[in-house]
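These are my notebook entries on one structure, written in the order in which I looked things up.

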Amino acid sequence: MEDKITLAAHGKINLGLDVVRRLENGYHEVRMVMQSVELADTVTLKRLPEDRILVRTDRRGLPCNEKNLAFKAAGLMKEIYSLGDGVEIFLEKRIPIAAGMAGGSADCAAVLKGMNILFGLGLSLEELQREGVKLGADVPYCLSGGCALSEGIGEKLTVLKAPPSCVLLLAKPDISVSTKYVYENLKLKELEHHPDIDGIVRSIEAGSLEGLCGKLENVLESVTGREYPVIGEIEREMEEAGALRAIMSGSGPTVFGIFREREAAKRAMKGIREKNLAKEVFLSGFQTY
């Protein structure tokens, strides 16, 4: 057993996001294609001899108590597996917070993986995913990463091949979006069109970047994009600079653009910054495993 471990917690984007229906328990049935990105937090875990959980971070304003998913993950593992020792967790944040990129879920998944190693639990990925879904619908996906079709409330995963490589530009405008608000204000019965999730999967399997970009769509943008016009402004800036397509990730507000050429992505980055559309702007790519 190791006493200290450092893991990368990669963010994700939604290449496609459809909401099928609202369930009686208040959750929503979804069909999504999720893809890991190179942009990642760094999560360091250190085993402590005393029975406590200590979370620290380099990001001001991020809670380090029971409100933090990383803290909850450590608490869950200690409870389920009767771990007497404690753990110190340091989160070095790069993924924007509350951005539609599953940063909190990625950190949570890294803690589950890290504690499995630190405490020599020998749990399989499937076992970790069964525990992870108790903490959040995105956690099982974040434990495996890569490209996957996600169904149910997000916990039913089908592994897909990696999409064609490209240059990604990620831009989070300086706004806060409530996921709860977005889902509550999604008018499913009024939607005349839904994203072609099966078409996205076929394009990935065929290795067609153009085919994939022609089908990228996020049904939640009908809510968030209407509420925050800056999302559409960022998308237009990216596409005018040469993006094959630009859409919002998750419930927002992060927008991602897919480019063939790095120079075109850099032009879009410059334009976004000069027009003050977003302060958190990153060049990235798909993370494959």
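I count two residues as in contact when heavy atoms lie within 4.5 Å of each other. I note at the outset that this is a predicted model.

**Entry 1: arginine 21**

I located arginine 21 in strand E1. Leaving aside residues up to four places away in sequence, I found that arginine 21 touches His28, Glu29 and Leu188. Is arginine 21 buried, partly exposed or exposed? Its relative accessible area is 44%, and I call it partly exposed because that class lies between under 20% for buried and over 50% for exposed. I also looked up its separation from glutamine 35: the two are 14 residues apart along the chain, and their C-alpha atoms are separated by 23 Å.

**Entry 2: helix H6**

I then turned to H6, which spans residues 197-206. Which residues of H6 are buried? I listed Ile197, Gly199, Ile200, Val201, Ser203 and Ile204. I recall that an α-helix has 3.6 residues a turn, so residues three or four places apart point the same way. For the cover over the buried residues of H6, I recorded several elements, including strands E1 (4-22), E2 (28-48), E5 (147-151) and E6 (156-160), together with helix H7 (209-213). Glycine 207, just after H6, takes a positive phi of about 70 degrees.

**Entry 3: the largest pocket**

I read a volume of about 1,200 Å³ for the largest pocket. How many residues line it, and which lie nearest its centre? The lining holds 45 residues, and Ser105, Ala137, Asp138, Thr179 and Ser251 lie nearest the centre. The elements that contribute two or more residues to this lining are E1, E2, H1 (69-80), H2 (103-118) and H5 (179-184). Sorted by class, I have 22 nonpolar, 14 polar and 9 charged residues in the lining.

**Entry 4: the open sheet**

I traced an open sheet of 4 strands in the order E9-E10-E7-E11, with antiparallel pairing. Its edge strands are E9 (245-248) and E11 (280-284), each of which pairs on one side only. From one strand to the next, the twist averages 15 degrees. Helix H10 (residues 262-274) packs on this sheet and touches E7, E10 (255-259) and E11. The direction of H10 makes about 180 degrees with that of E11.

I looked further at the pairing of E7 (residues 167-172) with E11: 5 bridges join these antiparallel strands. Leucine 170 stands opposite phenylalanine 282 in E11.

**Entry 5: loops and backbone angles**

Where does proline 253 lie? I placed it in the loop between E9 and E10. The peptide bond that leads from glycine 252 to proline 253 is cis, with omega near 5 degrees.

I noted alanine 98, which is not a glycine yet has a positive phi of about 50 degrees. Alanine 98 sits in the loop between E4 (86-92) and H2.

Asparagine 276, also not a glycine, has a positive phi of about 55 degrees. I found asparagine 276 in the loop between H10 and E11, and I recorded it as exposed, with a relative accessible area of 55%.

Finally, I looked up serine 176, in the loop between E7 and H5. Serine 176 has a relative accessible area of 62% and is therefore exposed, the cut-off for that class being over 50%. From serine 176 to glutamate 210 I read 34 residues in sequence and 32 Å in space, C-alpha to C-alpha.

Methods
Residues numbered from 1 in each chain as written. Predicted model: local features only at pLDDT ≥ 70, side-chain atom pairs only at ≥ 80, totals over all residues. Heavy atoms only, no water. Buried < 20%, exposed > 50% of the residue type's maximum accessible area, 1.4 Å probe, protein only. 1 Å grid on protein atoms, 1.4 Å probe; cavity = no way out; pocket = protein on both sides within 12 Å on 5 of 7 lines; lining within 4 Å. Points joined across faces, edges and corners; volume = space filled by probe spheres on them. Nonpolar A, V, L, I, M, F, W, Y, C, P; charged D, E, K, R; others polar. Pairing = 2+ DSSP bridges. Axes fitted to C-alpha atoms, helices over the stretch in contact; angles between N-to-C directions.
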